[in-house]
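Let's take a relaxed walk through a protein model. Have a look at the picture first, and then we'll go through some of its strands and chains.

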Amino acid sequence: MDFRPRHCIENKCVDSRAFSMLPPYPRNIKSATIENATEEYYLQPEFYPTFLSDGFRSYINNSGGFEGFSGYGTYPSSDGIVVRNGEEINKTFYFFASWYVRGYQGVRLVYNITGDGEFDVKINPDMFLLAPTYPWFEKNWSQKVIINVKVRNASKGFYSINVDAVAPPPEIEANWSNYKLYSSAGSFGVGEPFYRLTLEVQ
Amino acid sequence: MRVEIIFITLLISFLSFSISGLAIFNVIRVPTSCSDSDPSCTVDYVSSSNDIWETTTMNPSGYINATVFNGTIPSNAVIKNISADVEWKTNSGKGCWNFYTRYYNKTNGWIQCTGPWGETLLDWTKSCYFNETVIGDINTIKIALNGTDNDSKGNCISSTDFFQNVVNYTTPPNYTDVGINATDVYTGDAIKHYTQWGEQDGEGESLSYYIFSWNGTGANCDAGFSNDSALTFSTNPDWSNITKTIPATCGGKIIGWQIYANNSQNAWNSTAIQTYTVVTAVISFLVQMPANYGPCPSSYCYNITADTEATANQTSWISFNFSSSNENFREPYRVGSSSDTQDNANKKPIFRINNTGNRNISVSLKFNETVPAGIAVGGNASCDPDSSCCGTVQTSLINLGGGTTYQYLGQNLQNTTTCALNITLWGNVSGVTPGESLRYLFIKGNRSDA
């Protein structure tokens, strides 16, 4: 039984084959949260608000004569939390290939911290290969990423951990470059990090 | 909500203190109407302390009632104390007894305030203080003097010189501007919640503390309202500015907030509960290229790889191929496939950029260095399907190859896959020596609503 809703515009609907390589659509997808979603949830494009609001249109009325060769994003792209010295927290975000991308994309996540505080930061995973989303969503089109932060020593105030996407090192790309229409992350910026975690140290 | 109110009450108690020497409003109200148990009452006799007396016979009991007082108390007043004052005397040796004052409360009726007293020839001013916080009840207060004659030695007569109702109150801080520093609120945004507070001129009071309260906390942004620690004002008027970073768990939810403030008389006020809806921030983009650019025989096609702007090392894959040394408006084509050569008739954009997230972006381009002399590369853009979704679009041709600074081709591109910014490149040559030159072209997206 497929519980996936149909996505249509004026009687033209997304071809169900676009989702054929994904796990079965869970009936209770709305119960999944950013923190607790498992693969069967976060690999569904419906988990992402921009697919429901607009993204599905790419699978109905695509751009004639053009192909998507690069594009990715984050959900959520920013988060905030109140922390104290010595505290350790985990936050989750999803790094995904944009709708209508035909090729594989190699991603390496790097970060910097604004402010003078001392933090231990771990990003897991920090390197991965995103699969295409067109003409169908291939598994691994989205990657769940957990950022672990331990506040070692920071005075009260606001700090930002900024995560950006860059190309993987050449030795990794050498293995990935044979994937279909492979490209590296980092070719397009949005003027700020793709993920920003704001810490309010109290 | 009951819990929060209790917390505030406790906090107010904790912060309560008195500062001597600071004035509060003091309103002395006198009657404008009266009645007594005799046939008539002359209000002028009891509205000032001038030794003109209104007499009332106790037969065997009687009263005089100040039924209406002048002056009104502001609706936002915080009552510090309230008194009923009566100056009166009785004749002596007539068994005057059980004299007392009382005031009228809408809920509980007449309430004895002070007394009883016996007879006296001297005029007494008796005051009693009582708790009354309902402004409407205070504005309609009645105060009465009651008495009885408890013997048979002729009627006891009470003479009343004046009534007065003294109300000491303060007004809480007032506010004039409430809001946040954003039109749309996304998760992770640092949102400033502001209110301007002031104390009324002439009260002699100062602003003391403010407390921010909101419901943007909890594991799932569902912990209900909680209060921050109190912060102090420094001037009058002053702003209460509280910046909060919106957790991702609040995405899609409505956040409520309000700010409480008090003054040096511990009079509190609060803004109404303000609300805003939080959108879960999504940043994503899509770069499309003409379909005849792929699939490619090797990695250089579509290989627009870059690390950072400083270390970009992508392979040249967009070429301008001129058939003569003097040619204008040539479009680029893909290396290795002359059949993909574009020409002036096609006018096909080289990039088609969609904002697939929910935050607006802007797109700019530059070369890493100027193109060789005799070559010019220009660019322009258009918005598809119409100009309404792209914000500002650089429709006229601008020279990209002559400089190395980013130039916007589109600004404020909205978040919809059906809206695309089409970027077209053009090449001109004029008397250039045949050969091949390599330049890097950078495409930069800026989040334009940041």
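Before we start, one bit of vocabulary: two strands count as paired if DSSP finds at least two bridges between them. Keep in mind, too, that this is a predicted model.

**A strand in the thick of things**

Start with strand β18 of chain B, which covers residues 254-263. How much of β18(B) is buried? Eight of its ten residues are, so the rest of the structure largely encloses this strand. A residue counts as buried here if 20 or more other C-beta atoms lie within 10 Å of its own.

So who are the partners of β18(B)? The table lists three strands of chain B that pair with it, along with one pair of facing residues for each.

| Partner in chain B | Bridges to β18(B) | Direction | Facing residues |
|---|---|---|---|
| β14 (residues 207-214) | six bridges | antiparallel | B:Trp214 and B:Trp257 |
| β20 (residues 274-279) | four bridges | antiparallel | B:Thr275 and B:Gly256 |
| β19 (residues 268-270) | three bridges | antiparallel | B:Trp268 and B:Asn262 |

There's a nice detail in the hairpin that β18(B) makes with β19(B): four residues sit between the two strands, and B:Asn266 takes a positive phi near 60°. If you want to trace side chains along a strand, here's a handy rule: in a regular strand they alternate between the two faces of the sheet.

**Over to chain A**

Chain A has three helices and 13 strands. Its radius of gyration is 18 Å, close to the 17 Å that the globule rule gives for 202 residues, so chain A is as compact as a globular protein of that length. Along the principal axes, its C-alpha atoms fill a box of roughly 55 × 40 × 25 Å. Buried residues account for 45% of the 202 residues in this chain. Now take the contacts in chain A between residues at least 6 apart in sequence: 73% of these join residues at least 24 apart.

**Where the chains meet**

How many residues of chain B are in contact with chain A? The count is 48, and they touch 51 residues of chain A. On the chain B side, the elements that give two or more residues are β21 (283-290) and β32 (441-447). β21(B) provides the largest share, with eight residues. By type, this side of chain B splits into 22 nonpolar, 21 polar and five charged residues.

β21(B) also pairs across the chains: together with strand β3 (residues 66-70) of chain A, it forms four bridges in the antiparallel sense. One of the facing pairs is A:Gly68 with its bridge partner B:Gln288 in β21(B).

Terms used. Residues are numbered from 1 along each chain as its sequence is written. Chains are lettered from A and ligands numbered from 1 in the order in which they are written. This is a predicted model: local features need pLDDT of at least 70, side-chain atom pairs count only at pLDDT 80 or more; totals for chains, interfaces and linings use all residues. A residue is buried if 20 or more other C-beta atoms lie within 10 Å of its own, exposed if 12 or fewer, and partly exposed in between; C-beta atoms are placed from the backbone. The radius of gyration is taken over C-alpha atoms; the globule rule is 2.2 Å times the number of residues to the power 0.38. Two residues are in contact if their C-beta atoms, placed from the backbone, lie within 7 Å. Ala, Val, Leu, Ile, Met, Phe, Trp, Tyr, Cys and Pro count as nonpolar, Asp, Glu, Lys and Arg as charged, and the others, Gly among them, as polar.
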